[in-house]
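Thanks for making time. I have one structure to go through, and I will keep to the contacts and a few local details.

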Protein chains: 2
Amino acid sequence: MGERKQSADLSVEIATAIREAIIEGRLIVDERLPSEAELSEEFSVSRPTVREALKRLAAQNLIRTKRGASGGAFVNRLSFEEARGDLITTSTLLLSMNEVDFDTACEARFTLERACAPLSAERRTADHLATMRAEITRQGQAGLSDESFCASDVAFHRAFVDGAGNPVLSWQLAAAVEAIEPLMNMITYSQRDRTQVIALHTEIANAIERQDGLAADRALIRLSAYTQELARKAMELRKKR
Amino acid sequence: MGERKQSADLSVEIATAIREAIIEGRLIVDERLPSEAELSEEFSVSRPTVREALKRLAAQNLIRTKRGASGGAFVNRLSFEEARGDLITTSTLLLSMNEVDFDTACEARFTLERACAPLSAERRTADHLATMRAEITRQGQAGLSDESFCASDVAFHRAFVDGAGNPVLSWQLAAAVEAIEPLMNMITYSQRDRTQVIALHTEIANAIERQDGLAADRALIRLSAYTQELARKAMELRKKR
DNA sequence: AATCTTTCAATTGTCAGACATTTAAAAAAA
DNA sequence: TTTTTTTAAATGTCTGACAATTGAAAGATT
(Lines give C-alpha, C1' and ligand atoms only; values in the text may rest on other atoms or scores of the structure.)
Protein backbone atom coordinates (compact mmCIF):
# COMPACT_ATOMS: atom_id res chain seq x y z
CA MET A 1 0.00 0.00 0.00
CA GLY A 2 3.03 2.19 0.45
CA GLU A 3 3.94 3.60 -3.00
CA ARG A 4 2.44 6.89 -4.08
CA LYS A 5 2.48 9.51 -6.81
CA GLN A 6 4.13 12.79 -6.10
CA SER A 7 3.40 16.49 -6.18
CA ALA A 8 -0.03 16.46 -4.60
CA ASP A 9 -0.93 17.04 -0.98
CA LEU A 10 0.28 14.18 1.15
CA SER A 11 -3.16 13.54 2.56
CA VAL A 12 -4.51 13.28 -0.98
CA GLU A 13 -1.79 10.86 -1.98
CA ILE A 14 -2.40 8.66 1.02
CA ALA A 15 -6.15 8.72 0.61
CA THR A 16 -5.72 7.81 -3.05
CA ALA A 17 -3.40 4.95 -2.25
CA ILE A 18 -5.81 3.46 0.26
CA ARG A 19 -8.79 4.07 -2.00
CA GLU A 20 -7.14 2.18 -4.82
CA ALA A 21 -6.37 -0.65 -2.46
CA ILE A 22 -10.05 -0.88 -1.62
CA ILE A 23 -11.21 -0.62 -5.23
CA GLU A 24 -8.75 -3.24 -6.39
CA GLY A 25 -9.78 -5.56 -3.61
CA ARG A 26 -6.45 -5.60 -1.78
CA LEU A 27 -8.41 -4.39 1.21
CA ILE A 28 -11.67 -6.21 1.61
CA VAL A 29 -14.89 -5.32 3.35
CA ASP A 30 -14.66 -5.17 7.15
CA GLU A 31 -10.92 -5.55 7.05
CA ARG A 32 -9.14 -3.36 9.55
CA LEU A 33 -6.64 -0.82 8.28
CA PRO A 34 -3.38 -0.37 10.14
CA SER A 35 -3.67 2.03 13.05
CA GLU A 36 -3.00 5.71 12.45
CA ALA A 37 0.40 5.35 14.08
CA GLU A 38 1.28 2.43 11.84
CA LEU A 39 0.05 4.23 8.73
CA SER A 40 2.10 7.29 9.57
CA GLU A 41 5.16 5.06 9.79
CA GLU A 42 4.30 3.25 6.61
CA PHE A 43 3.84 6.45 4.61
CA SER A 44 6.48 8.40 6.54
CA VAL A 45 4.16 11.23 7.48
CA SER A 46 2.77 12.54 10.73
CA ARG A 47 -0.39 11.31 12.32
CA PRO A 48 -2.44 14.44 11.56
CA THR A 49 -1.69 13.97 7.88
CA VAL A 50 -2.79 10.35 8.04
CA ARG A 51 -5.92 11.45 9.84
CA GLU A 52 -6.76 13.98 7.15
CA ALA A 53 -6.43 11.22 4.59
CA LEU A 54 -8.72 8.95 6.59
CA LYS A 55 -11.31 11.71 6.91
CA ARG A 56 -11.34 12.03 3.15
CA LEU A 57 -12.13 8.34 2.86
CA ALA A 58 -14.71 8.51 5.61
CA ALA A 59 -16.46 11.34 3.76
CA GLN A 60 -16.91 8.95 0.85
CA ASN A 61 -18.23 6.21 3.10
CA LEU A 62 -15.30 4.04 2.18
CA ILE A 63 -14.22 3.50 5.78
CA ARG A 64 -15.71 3.73 9.25
CA THR A 65 -13.75 4.26 12.45
CA LYS A 66 -14.16 2.96 15.96
CA ARG A 67 -12.40 4.08 19.06
CA GLY A 68 -10.94 2.02 21.82
CA ALA A 69 -8.98 -1.18 22.02
CA SER A 70 -9.48 -3.27 18.91
CA GLY A 71 -10.86 -0.14 17.33
CA GLY A 72 -9.48 1.44 14.21
CA ALA A 73 -10.52 2.15 10.66
CA PHE A 74 -12.42 -0.55 8.80
CA VAL A 75 -13.32 -0.90 5.17
CA ASN A 76 -16.98 -0.10 4.92
CA ARG A 77 -19.50 -2.15 2.98
CA LEU A 78 -21.03 0.52 0.80
CA SER A 79 -24.78 0.06 0.88
CA PHE A 80 -27.24 1.31 -1.70
CA GLU A 81 -29.10 3.06 1.09
CA GLU A 82 -26.01 4.95 2.24
CA ALA A 83 -24.95 5.84 -1.25
CA ARG A 84 -28.44 7.06 -2.10
CA GLY A 85 -28.19 10.02 0.25
CA ASP A 86 -24.86 11.16 -1.16
CA LEU A 87 -26.10 10.77 -4.69
CA ILE A 88 -29.14 12.91 -4.00
CA THR A 89 -27.03 15.60 -2.33
CA THR A 90 -24.63 15.65 -5.25
CA SER A 91 -27.42 15.76 -7.80
CA THR A 92 -29.17 18.56 -5.98
CA LEU A 93 -26.00 20.63 -5.91
CA LEU A 94 -25.23 19.86 -9.53
CA LEU A 95 -28.63 21.14 -10.57
CA SER A 96 -28.53 24.25 -8.43
CA MET A 97 -24.97 25.19 -9.33
CA ASN A 98 -25.01 24.60 -13.05
CA GLU A 99 -28.03 26.52 -14.19
CA VAL A 100 -29.68 23.42 -15.53
CA ASP A 101 -32.94 24.67 -16.90
CA PHE A 102 -36.07 23.10 -15.66
CA ASP A 103 -37.01 21.46 -18.94
CA THR A 104 -33.72 19.58 -19.08
CA ALA A 105 -33.99 18.31 -15.52
CA CYS A 106 -37.62 17.40 -15.99
CA GLU A 107 -36.94 15.59 -19.24
CA ALA A 108 -34.19 13.53 -17.65
CA ARG A 109 -36.36 12.64 -14.73
CA PHE A 110 -39.34 11.43 -16.73
CA THR A 111 -37.25 9.76 -19.40
CA LEU A 112 -35.59 7.63 -16.76
CA GLU A 113 -38.75 6.99 -14.82
CA ARG A 114 -40.63 5.97 -17.94
CA ALA A 115 -37.92 3.41 -18.59
CA CYS A 116 -39.03 1.64 -15.41
CA ALA A 117 -42.66 1.35 -16.50
CA PRO A 118 -42.52 -2.00 -18.30
CA LEU A 119 -40.48 -3.65 -15.55
CA SER A 120 -42.57 -2.22 -12.75
CA ALA A 121 -45.78 -3.29 -14.46
CA GLU A 122 -44.46 -6.79 -14.80
CA ARG A 123 -42.95 -7.28 -11.37
CA ARG A 124 -44.56 -4.98 -8.86
CA THR A 125 -45.64 -6.76 -5.70
CA ALA A 126 -48.80 -6.11 -3.71
CA ASP A 127 -46.64 -4.07 -1.36
CA HIS A 128 -45.56 -1.63 -4.02
CA LEU A 129 -49.10 -1.21 -5.19
CA ALA A 130 -50.36 -0.71 -1.64
CA THR A 131 -47.75 1.98 -1.03
CA MET A 132 -48.74 3.78 -4.20
CA ARG A 133 -52.41 3.64 -3.25
CA ALA A 134 -51.69 4.82 0.27
CA GLU A 135 -49.71 7.79 -0.97
CA ILE A 136 -52.48 8.72 -3.39
CA THR A 137 -54.95 8.67 -0.51
CA ARG A 138 -52.62 10.84 1.51
CA GLN A 139 -52.28 13.28 -1.34
CA GLY A 140 -56.04 13.72 -1.37
CA GLN A 141 -56.33 14.66 2.28
CA ALA A 142 -57.50 18.19 2.92
CA GLY A 143 -55.11 20.41 4.83
CA LEU A 144 -52.02 18.55 3.69
CA SER A 145 -49.10 20.96 3.62
CA ASP A 146 -47.21 21.56 0.42
CA GLU A 147 -44.16 19.93 1.94
CA SER A 148 -46.05 16.81 2.92
CA PHE A 149 -47.63 16.63 -0.51
CA CYS A 150 -44.18 16.86 -2.04
CA ALA A 151 -42.84 14.13 0.23
CA SER A 152 -45.77 11.91 -0.62
CA ASP A 153 -45.20 12.56 -4.29
CA VAL A 154 -41.61 11.38 -3.92
CA ALA A 155 -42.75 8.29 -2.00
CA PHE A 156 -45.26 7.45 -4.71
CA HIS A 157 -42.71 7.60 -7.47
CA ARG A 158 -40.20 5.72 -5.41
CA ALA A 159 -42.65 2.88 -4.92
CA PHE A 160 -43.25 2.91 -8.65
CA VAL A 161 -39.54 2.63 -9.38
CA ASP A 162 -38.93 0.04 -6.67
CA GLY A 163 -41.65 -2.01 -8.31
CA ALA A 164 -39.20 -2.78 -11.07
CA GLY A 165 -37.40 -4.96 -8.55
CA ASN A 166 -33.97 -3.85 -9.63
CA PRO A 167 -31.90 -2.27 -6.84
CA VAL A 168 -29.47 -0.73 -9.31
CA LEU A 169 -32.30 1.00 -11.11
CA SER A 170 -33.84 2.12 -7.83
CA TRP A 171 -30.56 3.58 -6.77
CA GLN A 172 -30.02 5.48 -9.97
CA LEU A 173 -33.55 6.79 -10.06
CA ALA A 174 -33.31 8.14 -6.54
CA ALA A 175 -31.21 10.98 -7.85
CA ALA A 176 -33.45 11.61 -10.81
CA VAL A 177 -36.63 11.74 -8.80
CA GLU A 178 -35.62 13.04 -5.40
CA ALA A 179 -33.07 15.61 -6.46
CA ILE A 180 -35.33 17.12 -9.06
CA GLU A 181 -38.48 17.05 -6.96
CA PRO A 182 -37.65 20.08 -4.80
CA LEU A 183 -36.74 22.06 -7.89
CA MET A 184 -39.99 20.97 -9.48
CA ASN A 185 -42.07 21.89 -6.49
CA MET A 186 -40.35 25.20 -6.08
CA ILE A 187 -41.49 26.16 -9.54
CA THR A 188 -44.88 24.55 -9.71
CA TYR A 189 -46.19 24.92 -6.17
CA SER A 190 -48.40 27.88 -6.75
CA GLN A 191 -49.81 26.68 -10.02
CA ARG A 192 -50.33 23.06 -9.21
CA ASP A 193 -53.76 21.57 -9.19
CA ARG A 194 -53.52 18.62 -6.85
CA THR A 195 -56.58 16.88 -8.24
CA GLN A 196 -54.92 16.78 -11.63
CA VAL A 197 -51.77 15.22 -10.21
CA ILE A 198 -53.75 12.76 -8.13
CA ALA A 199 -55.76 11.72 -11.16
CA LEU A 200 -52.60 10.96 -13.08
CA HIS A 201 -51.11 9.10 -10.12
CA THR A 202 -54.28 7.03 -9.92
CA GLU A 203 -54.02 6.29 -13.59
CA ILE A 204 -50.45 5.12 -13.13
CA ALA A 205 -51.41 2.93 -10.16
CA ASN A 206 -54.30 1.42 -12.09
CA ALA A 207 -52.07 0.61 -15.02
CA ILE A 208 -49.48 -0.94 -12.74
CA GLU A 209 -52.18 -2.97 -11.01
CA ARG A 210 -53.37 -4.55 -14.24
CA GLN A 211 -49.71 -4.86 -15.29
CA ASP A 212 -50.15 -2.63 -18.29
CA GLY A 213 -46.76 -1.02 -18.77
CA LEU A 214 -47.78 0.89 -21.86
CA ALA A 215 -50.66 2.59 -20.10
CA ALA A 216 -48.37 3.51 -17.21
CA ASP A 217 -45.94 4.98 -19.69
CA ARG A 218 -48.71 7.01 -21.33
CA ALA A 219 -49.80 8.37 -17.95
CA LEU A 220 -46.22 9.32 -17.15
CA ILE A 221 -45.95 11.15 -20.44
CA ARG A 222 -49.03 13.15 -19.52
CA LEU A 223 -47.69 13.84 -16.04
CA SER A 224 -44.49 15.04 -17.65
CA ALA A 225 -46.38 17.29 -20.06
CA TYR A 226 -48.52 18.67 -17.26
CA THR A 227 -45.43 19.43 -15.18
CA GLN A 228 -43.73 21.24 -18.02
CA GLU A 229 -46.88 23.18 -18.77
CA LEU A 230 -47.01 24.32 -15.15
CA ALA A 231 -43.40 25.39 -15.34
CA ARG A 232 -44.12 27.43 -18.44
CA LYS A 233 -47.03 29.17 -16.74
CA ALA A 234 -44.95 29.90 -13.67
CA MET A 235 -42.22 31.37 -15.85
CA GLU A 236 -44.66 33.66 -17.62
CA LEU A 237 -46.03 34.86 -14.31
CA ARG A 238 -42.53 35.60 -13.14
CA LYS A 239 -41.77 37.60 -16.26
CA LYS A 240 -44.88 39.75 -15.87
CA ARG A 241 -43.88 40.89 -12.41
CA MET B 1 -22.68 29.16 10.50
CA GLY B 2 -21.73 28.50 14.10
CA GLU B 3 -24.50 26.37 15.61
CA ARG B 4 -24.18 22.60 15.54
CA LYS B 5 -25.71 19.37 16.71
CA GLN B 6 -24.03 17.45 19.46
CA SER B 7 -22.66 14.02 20.23
CA ALA B 8 -20.86 13.35 16.96
CA ASP B 9 -17.23 13.91 16.16
CA LEU B 10 -16.44 17.58 16.08
CA SER B 11 -15.03 17.38 12.59
CA VAL B 12 -18.26 15.76 11.44
CA GLU B 13 -20.35 18.45 13.08
CA ILE B 14 -18.34 21.22 11.52
CA ALA B 15 -18.30 19.61 8.10
CA THR B 16 -22.06 19.16 8.33
CA ALA B 17 -22.63 22.76 9.35
CA ILE B 18 -20.61 24.07 6.44
CA ARG B 19 -22.16 21.59 4.03
CA GLU B 20 -25.64 22.72 4.97
CA ALA B 21 -24.59 26.32 4.51
CA ILE B 22 -23.52 25.47 0.98
CA ILE B 23 -26.62 23.46 0.17
CA GLU B 24 -28.93 26.13 1.51
CA GLY B 25 -27.12 28.78 -0.43
CA ARG B 26 -25.79 30.72 2.54
CA LEU B 27 -22.38 30.11 1.03
CA ILE B 28 -22.36 30.62 -2.69
CA VAL B 29 -20.08 29.36 -5.42
CA ASP B 30 -16.55 30.78 -5.33
CA GLU B 31 -17.17 32.41 -2.00
CA ARG B 32 -14.23 32.17 0.35
CA LEU B 33 -14.71 30.47 3.67
CA PRO B 34 -13.15 32.00 6.77
CA SER B 35 -9.54 30.94 7.25
CA GLU B 36 -8.81 27.84 9.28
CA ALA B 37 -7.76 29.99 12.19
CA GLU B 38 -11.01 31.95 12.05
CA LEU B 39 -13.09 28.80 11.75
CA SER B 40 -11.38 27.27 14.75
CA GLU B 41 -12.30 30.37 16.72
CA GLU B 42 -15.84 30.39 15.42
CA PHE B 43 -16.44 26.76 16.31
CA SER B 44 -14.18 26.79 19.37
CA VAL B 45 -12.07 23.89 18.21
CA SER B 46 -8.46 23.48 17.27
CA ARG B 47 -7.12 23.99 13.81
CA PRO B 48 -6.41 20.29 13.14
CA THR B 49 -10.06 19.57 13.84
CA VAL B 50 -11.16 22.29 11.45
CA ARG B 51 -8.78 20.89 8.88
CA GLU B 52 -10.25 17.41 9.20
CA ALA B 53 -13.67 18.90 8.59
CA LEU B 54 -12.43 20.75 5.51
CA LYS B 55 -10.85 17.58 4.15
CA ARG B 56 -14.20 15.85 4.41
CA LEU B 57 -15.76 18.59 2.32
CA ALA B 58 -12.88 18.56 -0.13
CA ALA B 59 -13.36 14.82 -0.60
CA GLN B 60 -16.91 15.56 -1.77
CA ASN B 61 -15.69 18.25 -4.14
CA LEU B 62 -17.67 20.84 -2.19
CA ILE B 63 -14.64 23.06 -1.60
CA ARG B 64 -11.21 23.61 -3.05
CA THR B 65 -8.27 25.12 -1.24
CA LYS B 66 -5.51 27.41 -2.34
CA ARG B 67 -2.37 28.25 -0.47
CA GLY B 68 -0.68 31.57 -0.04
CA ALA B 69 -1.89 35.08 0.61
CA SER B 70 -5.49 35.52 -0.45
CA GLY B 71 -5.67 31.74 -0.46
CA GLY B 72 -8.11 29.72 1.59
CA ALA B 73 -11.03 27.40 1.08
CA PHE B 74 -13.55 28.29 -1.59
CA VAL B 75 -16.95 26.88 -2.37
CA ASN B 76 -16.49 24.78 -5.45
CA ARG B 77 -18.74 24.86 -8.46
CA LEU B 78 -19.58 21.19 -8.77
CA SER B 79 -19.23 20.26 -12.42
CA PHE B 80 -20.87 17.31 -14.12
CA GLU B 81 -17.44 16.22 -15.27
CA GLU B 82 -16.06 16.18 -11.73
CA ALA B 83 -19.08 14.46 -10.30
CA ARG B 84 -19.00 11.83 -13.02
CA GLY B 85 -15.78 10.30 -11.75
CA ASP B 86 -17.04 10.01 -8.19
CA LEU B 87 -20.31 8.54 -9.36
CA ILE B 88 -18.54 5.87 -11.38
CA THR B 89 -16.28 5.00 -8.47
CA THR B 90 -19.21 4.72 -6.11
CA SER B 91 -21.21 2.65 -8.57
CA THR B 92 -18.33 0.31 -9.18
CA LEU B 93 -17.87 -0.26 -5.47
CA LEU B 94 -21.60 -0.71 -4.92
CA LEU B 95 -21.69 -3.41 -7.56
CA SER B 96 -18.61 -5.23 -6.34
CA MET B 97 -19.49 -5.07 -2.66
CA ASN B 98 -23.15 -6.00 -2.80
CA GLU B 99 -23.15 -9.13 -4.86
CA VAL B 100 -25.33 -7.61 -7.49
CA ASP B 101 -25.78 -10.37 -10.01
CA PHE B 102 -24.85 -9.72 -13.55
CA ASP B 103 -28.38 -9.88 -14.92
CA THR B 104 -29.56 -7.15 -12.58
CA ALA B 105 -26.71 -4.81 -13.44
CA CYS B 106 -27.04 -5.53 -17.11
CA GLU B 107 -30.79 -4.99 -17.07
CA ALA B 108 -30.39 -1.62 -15.36
CA ARG B 109 -27.76 -0.56 -17.81
CA PHE B 110 -29.71 -1.37 -20.95
CA THR B 111 -33.01 -0.18 -19.56
CA LEU B 112 -31.52 3.24 -18.92
CA GLU B 113 -29.60 3.36 -22.16
CA ARG B 114 -32.64 2.38 -24.19
CA ALA B 115 -34.48 5.30 -22.62
CA CYS B 116 -32.06 7.60 -24.42
CA ALA B 117 -32.75 6.12 -27.85
CA PRO B 118 -35.66 8.35 -28.93
CA LEU B 119 -33.94 11.53 -27.76
CA SER B 120 -30.60 10.60 -29.24
CA ALA B 121 -32.21 9.71 -32.56
CA GLU B 122 -33.93 13.06 -32.65
CA ARG B 123 -31.11 15.32 -31.55
CA ARG B 124 -27.76 13.71 -32.27
CA THR B 125 -25.37 16.03 -34.07
CA ALA B 126 -22.97 15.08 -36.81
CA ASP B 127 -20.27 15.00 -34.14
CA HIS B 128 -21.96 12.32 -32.12
CA LEU B 129 -22.51 10.24 -35.19
CA ALA B 130 -18.91 10.69 -36.29
CA THR B 131 -17.66 9.56 -32.89
CA MET B 132 -19.83 6.48 -33.02
CA ARG B 133 -18.59 5.60 -36.51
CA ALA B 134 -14.98 6.21 -35.49
CA GLU B 135 -15.29 3.91 -32.52
CA ILE B 136 -16.88 1.22 -34.63
CA THR B 137 -13.96 1.45 -37.05
CA ARG B 138 -11.56 1.20 -34.16
CA GLN B 139 -13.34 -1.83 -32.82
CA GLY B 140 -12.81 -3.58 -36.14
CA GLN B 141 -9.05 -3.10 -36.18
CA ALA B 142 -7.06 -6.29 -35.97
CA GLY B 143 -4.77 -6.62 -32.97
CA LEU B 144 -6.84 -4.35 -30.77
CA SER B 145 -6.36 -5.37 -27.16
CA ASP B 146 -9.32 -6.40 -25.05
CA GLU B 147 -8.82 -3.33 -22.90
CA SER B 148 -8.84 -0.99 -25.85
CA PHE B 149 -11.90 -2.69 -27.27
CA CYS B 150 -13.62 -2.21 -23.93
CA ALA B 151 -12.65 1.47 -23.80
CA SER B 152 -13.92 1.96 -27.33
CA ASP B 153 -17.14 0.24 -26.41
CA VAL B 154 -17.63 2.71 -23.55
CA ALA B 155 -16.83 5.64 -25.81
CA PHE B 156 -19.36 4.43 -28.37
CA HIS B 157 -22.14 4.18 -25.85
CA ARG B 158 -21.19 7.49 -24.32
CA ALA B 159 -21.50 9.20 -27.68
CA PHE B 160 -24.87 7.54 -28.10
CA VAL B 161 -26.07 8.86 -24.73
CA ASP B 162 -24.56 12.29 -25.24
CA GLY B 163 -26.51 12.44 -28.46
CA ALA B 164 -29.63 12.94 -26.39
CA GLY B 165 -28.30 16.40 -25.65
CA ASN B 166 -29.28 16.29 -22.00
CA PRO B 167 -26.37 16.74 -19.59
CA VAL B 168 -28.37 15.38 -16.68
CA LEU B 169 -29.08 12.20 -18.59
CA SER B 170 -25.47 11.93 -19.71
CA TRP B 171 -24.31 12.27 -16.15
CA GLN B 172 -26.64 9.63 -14.82
CA LEU B 173 -25.87 7.22 -17.60
CA ALA B 174 -22.14 7.48 -17.00
CA ALA B 175 -22.56 5.33 -13.93
CA ALA B 176 -24.83 2.86 -15.65
CA VAL B 177 -22.56 2.35 -18.63
CA GLU B 178 -19.07 2.89 -17.30
CA ALA B 179 -19.40 1.21 -13.93
CA ILE B 180 -21.01 -1.86 -15.36
CA GLU B 181 -18.77 -2.14 -18.39
CA PRO B 182 -15.75 -3.62 -16.58
CA LEU B 183 -17.99 -6.13 -14.85
CA MET B 184 -19.50 -6.99 -18.18
CA ASN B 185 -16.18 -7.43 -19.89
CA MET B 186 -14.79 -9.48 -17.07
CA ILE B 187 -17.52 -11.99 -17.63
CA THR B 188 -17.88 -11.93 -21.37
CA TYR B 189 -14.33 -11.39 -22.58
CA SER B 190 -13.57 -14.92 -23.48
CA GLN B 191 -16.86 -15.64 -25.12
CA ARG B 192 -17.35 -12.47 -27.02
CA ASP B 193 -17.47 -12.39 -30.75
CA ARG B 194 -16.39 -8.92 -31.74
CA THR B 195 -17.97 -9.05 -35.17
CA GLN B 196 -21.33 -9.65 -33.56
CA VAL B 197 -20.93 -6.63 -31.29
CA ILE B 198 -19.66 -4.47 -34.12
CA ALA B 199 -22.62 -5.46 -36.27
CA LEU B 200 -25.02 -4.37 -33.56
CA HIS B 201 -23.12 -1.14 -33.00
CA THR B 202 -23.33 -0.45 -36.71
CA GLU B 203 -27.03 -1.12 -36.62
CA ILE B 204 -27.41 1.38 -33.78
CA ALA B 205 -25.35 4.00 -35.57
CA ASN B 206 -27.35 3.52 -38.75
CA ALA B 207 -30.60 3.90 -36.88
CA ILE B 208 -29.35 7.03 -35.16
CA GLU B 209 -28.17 8.42 -38.48
CA ARG B 210 -31.60 8.12 -40.05
CA GLN B 211 -33.09 9.31 -36.76
CA ASP B 212 -35.01 6.13 -36.21
CA GLY B 213 -35.27 5.81 -32.45
CA LEU B 214 -37.31 2.64 -32.57
CA ALA B 215 -34.75 0.81 -34.66
CA ALA B 216 -31.99 1.94 -32.30
CA ASP B 217 -34.04 0.62 -29.41
CA ARG B 218 -34.50 -2.72 -31.14
CA ALA B 219 -30.78 -3.00 -31.76
CA LEU B 220 -30.09 -2.21 -28.11
CA ILE B 221 -32.50 -4.92 -27.08
CA ARG B 222 -30.60 -7.40 -29.19
CA LEU B 223 -27.28 -6.19 -27.82
CA SER B 224 -28.67 -6.67 -24.34
CA ALA B 225 -29.89 -10.15 -25.16
CA TYR B 226 -26.57 -11.07 -26.71
CA THR B 227 -24.71 -9.82 -23.65
CA GLN B 228 -26.86 -11.81 -21.28
CA GLU B 229 -26.51 -14.90 -23.44
CA LEU B 230 -22.74 -14.54 -23.27
CA ALA B 231 -22.93 -14.24 -19.51
CA ARG B 232 -25.00 -17.39 -19.30
CA LYS B 233 -22.48 -19.30 -21.41
CA ALA B 234 -19.60 -18.02 -19.32
CA MET B 235 -21.39 -19.13 -16.15
CA GLU B 236 -21.94 -22.62 -17.50
CA LEU B 237 -18.29 -22.91 -18.45
CA ARG B 238 -17.31 -21.84 -14.97
CA LYS B 239 -19.56 -24.46 -13.42
CA LYS B 240 -18.10 -27.25 -15.48
CA ARG B 241 -14.59 -26.53 -14.25
C1' DA C 1 -15.34 -23.14 38.94
C1' DA C 2 -18.01 -19.35 37.62
C1' DT C 3 -19.06 -14.65 37.73
C1' DC C 4 -18.45 -10.03 38.66
C1' DT C 5 -15.24 -6.01 39.12
C1' DT C 6 -11.16 -3.60 38.31
C1' DT C 7 -7.29 -2.47 35.82
C1' DC C 8 -4.86 -1.92 31.70
C1' DA C 9 -3.40 -1.06 27.17
C1' DA C 10 -4.49 0.12 22.48
C1' DT C 11 -6.72 3.29 19.57
C1' DT C 12 -9.08 7.24 17.95
C1' DG C 13 -10.34 12.19 19.09
C1' DT C 14 -8.67 16.67 20.34
C1' DC C 15 -5.52 20.27 21.48
C1' DA C 16 -1.44 23.64 21.45
C1' DG C 17 2.34 25.43 19.28
C1' DA C 18 5.71 25.47 15.94
C1' DC C 19 7.88 25.58 11.33
C1' DA C 20 7.70 25.02 6.07
C1' DT C 21 5.80 26.42 1.79
C1' DT C 22 3.23 29.02 -1.28
C1' DT C 23 1.37 33.16 -3.08
C1' DA C 24 -0.40 37.68 -3.94
C1' DA C 25 0.22 42.18 -2.81
C1' DA C 26 2.90 45.92 -1.03
C1' DA C 27 7.32 48.19 -0.92
C1' DA C 28 11.58 49.29 -2.87
C1' DA C 29 14.78 49.75 -6.52
C1' DA C 30 15.98 50.48 -11.22
C1' DT D 1 6.92 52.84 -15.47
C1' DT D 2 8.85 48.49 -14.86
C1' DT D 3 11.26 45.15 -12.36
C1' DT D 4 12.83 43.19 -8.13
C1' DT D 5 12.51 42.41 -3.27
C1' DT D 6 10.15 42.06 0.84
C1' DT D 7 6.38 40.92 3.55
C1' DA D 8 2.33 39.03 5.43
C1' DA D 9 -1.32 35.77 5.17
C1' DA D 10 -2.76 31.42 4.39
C1' DT D 11 -2.50 26.41 3.92
C1' DG D 12 0.51 22.18 4.60
C1' DT D 13 3.08 19.50 7.87
C1' DC D 14 5.28 18.03 12.17
C1' DT D 15 5.91 17.08 17.20
C1' DG D 16 4.21 15.91 21.41
C1' DA D 17 0.83 15.70 24.52
C1' DC D 18 -3.64 14.53 26.81
C1' DA D 19 -8.67 12.93 26.76
C1' DA D 20 -12.10 9.47 25.83
C1' DT D 21 -13.43 5.07 24.58
C1' DT D 22 -13.45 0.23 24.68
C1' DG D 23 -12.25 -4.61 24.57
C1' DA D 24 -9.57 -7.76 27.02
C1' DA D 25 -6.83 -9.36 30.67
C1' DA D 26 -6.18 -9.65 35.59
C1' DG D 27 -7.99 -9.93 39.91
C1' DA D 28 -11.53 -10.44 43.45
C1' DT D 29 -15.68 -12.52 45.05
C1' DT D 30 -19.05 -15.92 45.58
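How many residues does helix 4 of chain B have, and how far does this helix reach from its first C-alpha to its last? This is a predicted model, so everything I quote is computed from it. Helix 4 of chain B covers residues 80-97, which is 18 residues, and spans 25 Å from first C-alpha to last. The span expected at 1.5 Å a residue is 26 Å, and the helix comes close to that. Its buried residues are Ala83(B), Leu87(B), Thr90(B), Ser91(B), Leu93(B), Leu94(B) and Leu95(B). Just after the helix, Glu99(B) has a positive phi, about 50°.

Next, the contact between the two protein chains. Chain A and chain B each put 38 residues into the contact. On the chain B side, the elements giving two or more residues are helix 1, helix 3, helix 4, helix 5 (102-123) and helix 8 (167-188). Helix 5 of chain B gives the most to that side, with nine residues. By class, the side of chain B that touches chain A has 22 nonpolar, nine polar and seven charged residues.

Staying with helix 5 of chain B, one of its residues is Pro118(B). Is Pro118(B) buried or exposed? Neither: Pro118(B) counts as partly exposed because 18 other C-beta atoms lie within 10 Å, and buried would take 20 or more. Pro118(B) is 67 residues from Arg51(B) in sequence, and the two C-alpha atoms are 48 Å apart in space.

Now the DNA, starting with strand D. There are 25 residues around DNA strand D, and the closest are Leu10(A), Val45(A), Ser46(A), Gly68(A) and Ala69(A). Two or more residues each come from helix 1 (10-23) and helix 3 (47-59) of chain A, and from helix 2 (36-42), helix 3 (47-59) and strand 2 (72-75) of chain B. Helix 3 of chain A gives the most to this surface, with three residues. The classes here are eight nonpolar, eleven polar and six charged.

And strand C? Which residues come nearest to DNA strand C? They are Ser35(A), Leu10(B), Val45(B), Gly68(B) and Ala69(B), out of 24 around the strand. Here helix 2 (36-42), helix 3 and strand 2 (72-75) of chain A each give two or more residues, as do helix 1 (10-23) and helix 3 of chain B. The surface near DNA strand C has eight nonpolar, eleven polar and five charged residues.

That is what I have.

Key:
Residues numbered from 1 in each chain as written. Chains lettered and ligands numbered in written order. Predicted model: local features only at pLDDT ≥ 70, side-chain atom pairs only at ≥ 80, totals over all residues. Near = placed C-beta within 6 Å. Helix = DSSP H or I, 4+ residues; strand = E, 2+ residues; numbered from the N terminus. Nonpolar A, V, L, I, M, F, W, Y, C, P; charged D, E, K, R; others polar. Expected span 1.5 Å × (residues − 1). Buried ≥ 20, exposed ≤ 12 C-beta atoms within 10 Å, placed from the backbone. Contact = placed C-beta atoms within 7 Å.
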